[in-house]
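User: Please take a close look at a single part of this model, beginning with one residue and its backbone, and then carry the description on to comparable places elsewhere in the chain.

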Amino acid sequence: MLKLVLFILTFAVEARAVRYLRLAGGKGPHEGRVEVSPWWNEPWGTVCDDSWDLHDAEVVCRQLGYSGAWEAPKHAYFGMGSGRIYLDEVMCNGDEQYLSDCPHNGWETHDCGHHEDAGVVCIVQCSTNCMNGGTCMNDVCRCSPGYTGSKCETEIDECSGSPCMNGARCRDEVNGFTCECEPGWNGARCEQNINECWSNPCMNGGTCIDIVNGYICDCISGQTGRNCENAYCSSNPCMNGGTCENGRCLCVQGYQGHLCQLDVDECTSSPCLNNAECFNEVPGYTCHCPPGYAVVRCGMEVNECASNPCWRGGTCIDGTGSYTCVCKYGSAGQNCEIALNNGTCYWFSDDSQAHETASTTCADMGGHLMDVKEPNEQQWIGSHISDVSEWTSLRTKSHPNFVYNDGAPISNQVQWTSKSMYSPHDTCVLLDSADGYRAVYTSCTEQYNYVCESPAMPRVPNMCHNGGQALTCFSDDTIFCSCQPGYTGLNCETDIDECASNPCLNGGTCLEHLGFFQCECPGPFTRDRCEDSSCVPNPCPFSWTCVGTDGGISCLMPSRKHGRTAFQCTNSSCHEGWTCKELGTAGYTCIAP
């Protein structure tokens, strides 16, 4: 009976030994969360990490067949287990054969949760040769500080992150770096500005201002020098024409600073208006105005119409930096300088040239210098010239007599000599503004304004209205509309109201027609505009009818007296000096002298 009791007790103790042990949650069989089972049919459980250390891990790894342990991770490093927590407060000395041989609180006696599950990393024999002092753990090299790589073969460049500051040069070292600082800086990373003022170098009450690798002394009035060691005015320190008085520099206009060393930039206040460009000067500034603006600060908009640039009654519309001419009917061009007359275009120059140059200019435009052949053409040209004399095409055509070496005259000269060749003695004709635009002749080398002439050419498509004809001049885009009688406007779009000027006199009624008007005259008034009032008062005999005629009047006998004695003129029949002409029995006519 006693032997049976001892067997049962021994079996119970042995039944609670750690017979089964495994690792879970690791990256390989050599590491993981420690899980135990006291018997083959018992569920797996975990070990709490209270008092868990490398000695406990050594026992676990040897029990699993490894030579020892690298680490003893805690706090569920390999993840939380589930189910029972079998052991807590395990305290092995490291040479036990089984984990259950180590002291502990007793089976399933604990105050833990699975967030405290213990783990191990067992030693695995390495096949890798680690370099530069690296050690192999589980076939992975753990490198010494300053090295990296699978075999610790690469030195880490600690300068790659530019750790040195303020322009310092970084020198790489093993597991570190050294910063070689620029003058004026110190510190491990050259982050500190050396205070050159610590020695109080400024004398005579001067204030030291620290700068990088140096200092500046701000001297009190009357002192100068690097360290304020000198009396201020003794060395004539003032620059740019400044004068030193009582230890101070009095600067001329345009300079500032305690030594008058600074040029005052008058452009900093943006004094120029309307986007003008400001140029600083000493002293002052200059504004370069954009087109359309003027005066000192470019604040005044220029009136481009002030010079009356539009010719021949054109209306000038001012713009910013430009103008537009609205030309009257019959004129065109930027300045209304082109005029149309009887199918001929005339371009009036605004400059003076010699006759030959003017002729070339006209030819380049597709025309020629104006021909003046009729008096009315001369009068029309004169009415369109603005107080300047103008070249005409007229000139002499004399050529010098060229001879060969033997004195023989040149043969067939015209074939090889330019027809437009001018000789030094040629005479040309102009319309003289000082003599009522009469033609005068002078040397062709003198310079006058000129007028170019070109026939107006039909333009297609015809954009003129009411039967007008579109014409173009000088191979240009300028288009004229030659309107039918009774129409006007740039496109012949306006019907002329011939009655608008009230042409009929003495109460006459104006009847407007296309291209002309007709007056219906009241009572005794006659003629085209009812302007003849010779019948007021009626000079004819009583009850006779007075009718105005060209050059006089007619006195017509009343119809009831027709057939009687024919009328005979007397001295009192007409006004004094008029001629009386009898009309038989119808009456008589008085003809004005």
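Analyst: Asparagine 166 is partly exposed because its relative accessible area is 34%, a class between buried (under 20%) and exposed (over 50%), computed with a 1.4 Å probe and protein chains only. This is a predicted model, in which local features need pLDDT of at least 70 and side-chain atom pairs count only at pLDDT 80 or more, while totals for chains, interfaces and linings use all residues. Residues are numbered from 1 along each chain as its sequence is written, and side-chain values use heavy atoms, with hydrogens and water left out.

Although asparagine 166 is not a glycine, its phi is positive, at about 55°. The residue sits in the loop between β10 (154-155) and β11 (169-173), where strands (E, at least two residues) and helices (H or I, at least four) are DSSP runs numbered from the N terminus. A positive phi, near 65°, also occurs at asparagine 275, again a residue other than glycine. Asparagine 275 belongs to the loop between β22 (262-263) and β23, and because its relative accessible area is 79%, it counts as exposed.

The loop that follows, between β23 (277-280) and β24 (285-288), holds proline 283, which is joined to valine 282 by a cis peptide bond with omega of about -15°. A cis bond also leads from valine 460 to proline 461, here with omega near 5°, and proline 461 lies in the loop between β38 (457-458) and β39 (469-472).

For the wider setting, an unreviewed UniProt entry lists several residue ranges as "domain: EGF-like", among them 193-229 and 301-337; such annotations may be inferred rather than shown by experiment. Residues 193-229 are 0% helix and 35% strand, with end C-alpha atoms 26 Å apart, while residues 301-337 are 0% helix and 30% strand, their end C-alpha atoms being 26 Å apart. The record also gives "domain: SRCR" for residues 21-123, a stretch that is 10% helix and 25% strand and whose end C-alpha atoms are 17 Å apart.

Further along, arginine 529 occupies the loop between β44 (516-520) and β45, and its relative accessibility of 38% is why it counts as partly exposed. Its C-alpha lies 5.8 Å from that of cysteine 519, with the two positions 10 residues apart in sequence numbering.

Strand β45 belongs to an open sheet of four strands in the order β45-β46-β48-β47, with antiparallel pairing, two strands being paired if DSSP finds at least two bridges between them. The edges are taken by β45 (545-549) and β47 (579-582), each of which has a single partner strand, so one side of each lacks a neighbour in the sheet. The partner of β45 is β46 (residues 552-556), reached through five bridges in the antiparallel sense, and glycine 548 has isoleucine 553 in β46 as a bridge partner. At the other edge, four bridges connect β47 to the antiparallel strand β48 (residues 587-591), with glutamate 582 bridged to tyrosine 588 of β48.

In a regular strand the side chains alternate between the two faces of the sheet. Along β45, Cys546 and Gly548 point to one face and are buried, whereas Thr545, Val547 and Thr549 point to the other and are not buried.
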